[in-house]
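Reader: Please walk me through this one feature at a time, giving me the general idea and then the case at hand.

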Number of protein chains: 2
Amino acid sequence: MVKPTLGSRASLAVAAVAALATTASAQTFRRSAACPSLGCIYPPDQSSFIAGQVFDIRVEIQAPANGSTPYNNGVPSSEFALYIGGKGADMQEVSSFYDREDPQVESYNFTYYEDLFQKANDSATLVNVLAKSYRHVTLFNPGEYELKLQYNGGSETLAHWTVLPLAEARQAKNVILFIGDGMAPSMVTAARLLGHKTVNGKYKSRLQLDESEGFGMQMTHSLDSYITDSANSATALMSGHKSTVNALNSFTDSTGKPYGAPKFETIFEMARRLYDAKIGIVSTAFLADATPAAVVAHTPQRGAYDYVIDQFLDGGAVAFNGTPQNFSWTQWDGPDVLFGGGGKDFVPKASNKNVSKIDRFLERGYQWSTTNSTLAELDNSKRALGLFSDSNLPTWLDRHVYTDNLASFGAWAPENKTFTAPTTDVPGLKDMTLKALDILHTRSKHDGTPFMMMSEAASIDKSMHVADYPRALGDLLELDDTVRATLDRLEELGIREETLVVVTADHAHGFDVFGSADTEYLAAQTTIEGKRDAIGTYLESGLSGYQVPQGVNPQNQSEFVGPQGPGFPVTWEPRYTAAFGLAATVDQYEDFKTHPSVRATSLEPLKNGTYRASHDDSPDGFFISGVLPTSNDQGVHSLVDVQVFSFGPGHELFRGMMDSTNIAQKIAQVMDLGRDKKGDLAVSQRKGKGKGKGEGEGKK
Amino acid sequence: MVKPTLGSRASLAVAAVAALATTASAQTFRRSAACPSLGCIYPPDQSSFIAGQVFDIRVEIQAPANGSTPYNNGVPSSEFALYIGGKGADMQEVSSFYDREDPQVESYNFTYYEDLFQKANDSATLVNVLAKSYRHVTLFNPGEYELKLQYNGGSETLAHWTVLPLAEARQAKNVILFIGDGMAPSMVTAARLLGHKTVNGKYKSRLQLDESEGFGMQMTHSLDSYITDSANSATALMSGHKSTVNALNSFTDSTGKPYGAPKFETIFEMARRLYDAKIGIVSTAFLADATPAAVVAHTPQRGAYDYVIDQFLDGGAVAFNGTPQNFSWTQWDGPDVLFGGGGKDFVPKASNKNVSKIDRFLERGYQWSTTNSTLAELDNSKRALGLFSDSNLPTWLDRHVYTDNLASFGAWAPENKTFTAPTTDVPGLKDMTLKALDILHTRSKHDGTPFMMMSEAASIDKSMHVADYPRALGDLLELDDTVRATLDRLEELGIREETLVVVTADHAHGFDVFGSADTEYLAAQTTIEGKRDAIGTYLESGLSGYQVPQGVNPQNQSEFVGPQGPGFPVTWEPRYTAAFGLAATVDQYEDFKTHPSVRATSLEPLKNGTYRASHDDSPDGFFISGVLPTSNDQGVHSLVDVQVFSFGPGHELFRGMMDSTNIAQKIAQVMDLGRDKKGDLAVSQRKGKGKGKGEGEGKK
């Protein structure tokens, strides 16, 4: 774990130059990611690697033709070289270090706006670029490395890399990583308020997350911005590398292309390569979405969905839209389990050259399921694809309370081979996760290999984006219920003591509860001022109305368990609701009620590309003016550190304040994924096919 | 630690009845705190006690004369009795259990509104009450207790109490409890963003809090509402008991009086009683404010400032405004250190019957100081009072950056014996805390006693209430700097290994950072829509502008340290500021700048008691409509769990998810404050005067 301190500042001084903005004021709009100077090194300064982790190196030499810092009429010098060496040792050119041919130089240009004024004036800066990439390299020796890029006749960019120490021992055989997408600490607190009863200020039951054996938080900054999206944040959790917004397990180069960017291996890929680990991917999102994609996909553009789905099957060297990749990558032939939504991306359509991805999975021997019933019947010994909706799966609240909404989610219609049937028989996160666990356990037990699973509660985030707080919190409670059930199942299977379970979020939303709302009083008022008086703060926030059953004798309420069992509200429509809010909103109407209909968006599009609030969304509500640009149609992510809950072997490592990249690094440590030059013994212990070592080994 | 689980529900069933709302719908406006039925027991159901902790018992029998649940024409039956017994054992009347006379019965009435409609109609419910209080009792035997109140001819209220196990060993000699008032997790994250540099998404230095040896979070609910104020939340942290909004170390009875309510001992009082511990109280607030008051004061009304100050000197049995208390309480003759603001409450004025509290302290042998210079010169061997401002101390930002504002803070004017002089020589939290530590250490070393200190960073909260985010975060960074300096000083004094340091918050504000703001672009726009376009989200949030020095060569920026040293911003007025927001606001104008002038409030009062936003507050800003009632002149607290950072012996206890009351209970465990019947040996080990046992010992 890299843990910078004030004391280490001096030793990092030479490397720090690469981190600076070119000008003091224009730092928000950058020429390109992680490249404030005109010579760029990827992986950038401050990168840390698991020993033996596969990655690509790329250098770019940039020359702006105009703008605030033009260089040499926009002509970069063709003379440039990248040197690498162990700290304090002599450096050598990278091609020499890796004993390989120097790659071909690419030449292209791109444009960017230097700030909002330039953007408003459409006054772009043109940058010419020379670049080259060293593919599929590795550093085996733990320790510190220095890199130096010489370019443009005397300029230098320095970078400092760290290869992490090897684990002293393997602590866990298996790992399950749960991601509550967008799950801010405030949402965990609010979910507890809705799902559990208090007596005189003390909870009578609590969340499973509250019983976490290891507890910490992690910082979610992306590589070049302090607010992240789910692509780069999931990347950090799964590979140990910071990247740029929209990027999946790759650095965002300046080509603007979704393929060819410098990549790095995920811990799932490493576990497959080293141990033939069985891999499970579960999400309530459409499966090409950022978080499930981050298990194995490599692209700076998360929106390249077809490319992502091809990578699920074939890994990071697969062709993009017919363009072959001219490099090798870690061998990969598909996960053992892939369960979620997004069937529309798997059926033939123009954007995937009319190829049925379902057929591609079936041809590779996958079982597949499209309903909760058939999910349960899947053979635990075989690989499985589950596609349970056209896009995102319905939320917990729509599956359990407002079930009329299910009809608007498309289920598989076998006769048409599309996802257009009314949804009636759809699994939730718990169903999918427990079945995935059964398959992974059976398959890994069969050949003595470990397993790793990523399971994502995606609609915590998706609901929060449209300020549908109850649906977000319902899905958070479902995640908590799923974690509880997973720990129980691990116990039943006899593998709880050998399986690390980590639960974290990828980023937050600036959400909190600030009081209660008397929805009856609010509805009865006719002015904004009157409606605002329905908000009860401090003492008048009272107790959680979600735990007060309507029509139940008060003497029996404390023992009353709602229809969804303990850990969920007994009612979603109390008179006194929690008053929820966001630190930044679009314009909206708010009545603080749980809305029976899915709140797809609180905004109506206007013709000029901006949005205005729709009163239809909250007919009893009052108007709240927004803060975000009016081109936004939904809320945004926020800065706050997110929690890390952990159970089982190795949980001691997940305590206190961490960086997002530490999650992947610590999982690698617990799983003993690091390999040094003398790592053959460890490698030979793996079961299954292939050999995971020997490619691109550096001479330190 | 009480850790309720689903499994324990059955065993708590009989006790749970007391926790219910009388009606399912009217639960936000309650008849009285912790008393949903007509028979009330204080301490209420679910209370936990440190063995030997002193407290009062009170019962109330209530009979509404009108309203939705009238009883017997408003006449409570005079036949009622409270029984107590170890769980499963026979119960006996409390007077018999404690072998004392039954106290006199009080008779009075009160009114309340059952909901907002009743309030709007001014349609109050009248309640007649009979009550009695058993003062200054104790439970020595760890274990479970059951209580039963029989009243109104057959009705019963049950309560379940727990006396916590004794500590197996004393782990720390001394304790320092830091409270960052209102310090939400999001504010810790934001403070790091302002005060520390990142390189490619990774921090080069971090907060001292980030290095916490123990790490957890705590739930801040008050006794009868899920949003707390600082009085009841500080009470939980310092006594281990939940209480009601505005209440300090006492339960809010229905008398409506600031005195006479049922009290409970704080861990500071216990440490003084058992060990003659030296006690320090430090705050940047006015000293009669809730958090410093909670160390020793007992009143359900935090606003009874004069009563609070008298209790600093004489403890919880002191007369209120000339009304003597007819009960004994833990002996107390003043803290060893009392440093903060609020001098106006110490000078003679009508509200304190023209008594100089300063003179009262001086008569008791205290030194006193009113400036940073004289603070440094105080004799470390003597007790000390420090009053450094008329009200709250100036914030870190006003003391270090916008020093012109100091003139508006009143300093001691010796010639006039008031706090009206221009402030020039004023300490901050670090100055006060380190001097307090020196005094406590010297005094405790002298007679071999331990010490305990509470040190509060108050204006994190006070600034956040008026949406002055930079001042809030500046004071949070000052707290972090103070914790770092305190740990260093403990090391220098050779007592780091014997001193537990806990840093937590009492509650949160619904704050977060959701992007950046280009303040130049924002100021240049003339429409709200244009100004909102200055907000940069995700990738466009960029890097922290507060770490980019203006006018410094980019090559040297990474090593540049601002005038306030490492851990603070290098500039408070960058072009690209963080875009801050709150989940709930009053109406406001916002320009996302650091305001040179103190933002006393963002609202102008209107004649009808409501408020409107003042454009003068953010002349470049745009209007954001609020959510809170328009009678609010400032922001409010929020729900999110807050962090618990800990260092030193016993830090292992402060891991994972806790309740606010656990903080006091765990400190008591680390300090071995619990005493059972056979506790004489432990008691006899204490140094100093008096004997702390034998009063009110119960027969279990």
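**Exposure, salt bridges and an interface**

Author: Let's start with exposure: Lys382(B) counts as partly exposed, because its relative accessibility is 44%. The scale is simple: buried is under 20% relative accessible area, exposed is over 50%, and partly exposed is in between (1.4 Å probe, protein chains only). Keep in mind that this is a predicted model, in which local features need pLDDT of at least 70, side-chain atom pairs count only at pLDDT 80 or more, and totals for chains, interfaces and linings use all residues, while side-chain values use heavy atoms and leave out hydrogens and water. Residues are numbered from 1 along each chain as its sequence is written, with chains lettered from A and ligands numbered from 1 in the order in which they are written.

Reader: Which side chain does Lys382(B) meet in a salt bridge?

Author: That of Asp379(B), at 3.9 Å from N to O. The rule wants a side-chain nitrogen of Lys or Arg within 4 Å of a carboxyl oxygen of Asp or Glu. Asp379(B) is partly exposed too, because its relative accessible area is 33%.

Reader: How many salt bridges does the structure hold over all chains?

Author: There are 86 over all chains. Take Asp336(A) and Arg272(A), whose closest N and O atoms are 2.9 Å apart. Asp336(A) lies in the loop between α8 (305-314) and β15 (337-341) of chain A, and Arg272(A) sits in helix α6 (residues 267-275) of chain A, so this pair ties together parts that are 64 residues apart in sequence. Helices (H or I, at least four residues) and strands (E, at least two) are DSSP runs, numbered from the N terminus. Asp336(A) and Arg272(A) are both buried.

Reader: Which residue forms a salt bridge with Arg360(B)?

Author: Asp310(B) does, with the closest N and O atoms 3.3 Å apart. Here helix α9 (residues 357-363) of chain B supplies Arg360(B) and helix α8 (residues 305-314) of chain B supplies Asp310(B), so the pair ties together parts that are 50 residues apart in sequence. Arg360(B) is partly exposed at 23% relative accessibility, whereas Asp310(B) is buried, at a relative accessible area of 10%. Over in chain A, a network of salt bridges links Asp306(A), Asp310(A), Asp314(A), Lys357(A), Arg360(A) and Arg364(A).

Reader: Where is the place of Ser356(B)?

Author: Look in the loop between β15 (337-341) and α9 of chain B. Ser356(B) is buried, because its relative accessibility is 13%. A polar atom of the Ser356(B) side chain lies 3.0 Å from the backbone nitrogen of Asp359(B). Beyond residues up to four places away in sequence, Ser356(B) touches Phe346(B) and Pro348(B), where a contact means heavy atoms within 4.5 Å.

Reader: How many residues of helix α6 of chain B are buried?

Author: 9 of the 9, so helix α6 (residues 267-275) of chain B is largely enclosed by the rest of the structure. Among the buried residues of α6(B) are Phe268(B), Glu269(B), Arg272(B), Arg273(B) and Tyr275(B). Just after α6(B), have a look at Asp276(B), which takes a positive phi of about 55°.

Reader: Now show me a residue paired with a distant stretch of sequence.

Author: Try Ala167(B), in the loop between β9 (155-163) and β10 (174-180) of chain B. The C-alpha atom of Ala167(B) is 8.3 Å from that of Ala668(B), and the two residues are 501 residues apart along the chain. Setting aside neighbours within four places in sequence, Ala167(B) is in contact with Gln669(B) and Asp672(B). Ala167(B) is buried, with a relative accessible area of 18%.

Reader: How much do chain B and chain A bury between them?

Author: The size of an interface is often given as the accessible area lost when the parts come together. Buried area here uses a 1.4 Å probe and is summed over both parts. Chain B and chain A bury about 11,900 Å² between them, and 61% of that is on carbon and sulfur atoms. The contact takes 138 residues from chain B and 138 residues from chain A. The rule finds 6 salt bridges across this interface, including one in which the side chains of Asp115(B) and Arg575(A) meet at 2.9 Å, N to O.

Reader: Which residue does UniProt list for "active site"?

Author: The unreviewed UniProt entry lists Ser230(A); positions follow the numbering used here, feature names are shortened, and annotations may be inferred rather than shown by experiment. Ser230(A) is found in helix α5 (residues 230-239) of chain A and counts as buried, because its relative accessibility is 4%. Leaving aside neighbours within four places in sequence, the contacts of Ser230(A) include Asp181(A), Arg302(A), Asp506(A), His507(A) and His637(A). The side chains of Ser230(A) and Asp506(A) make a polar contact at 3.0 Å. Such a contact is a pair of N or O atoms within 3.5 Å; within protein, one must be able to donate a hydrogen and the other to accept it, and residues adjacent in sequence count only if both atoms are side-chain atoms.

Technical notes: Buried area is the accessible area (1.4 Å probe) that two parts lose on being put together, summed over both.
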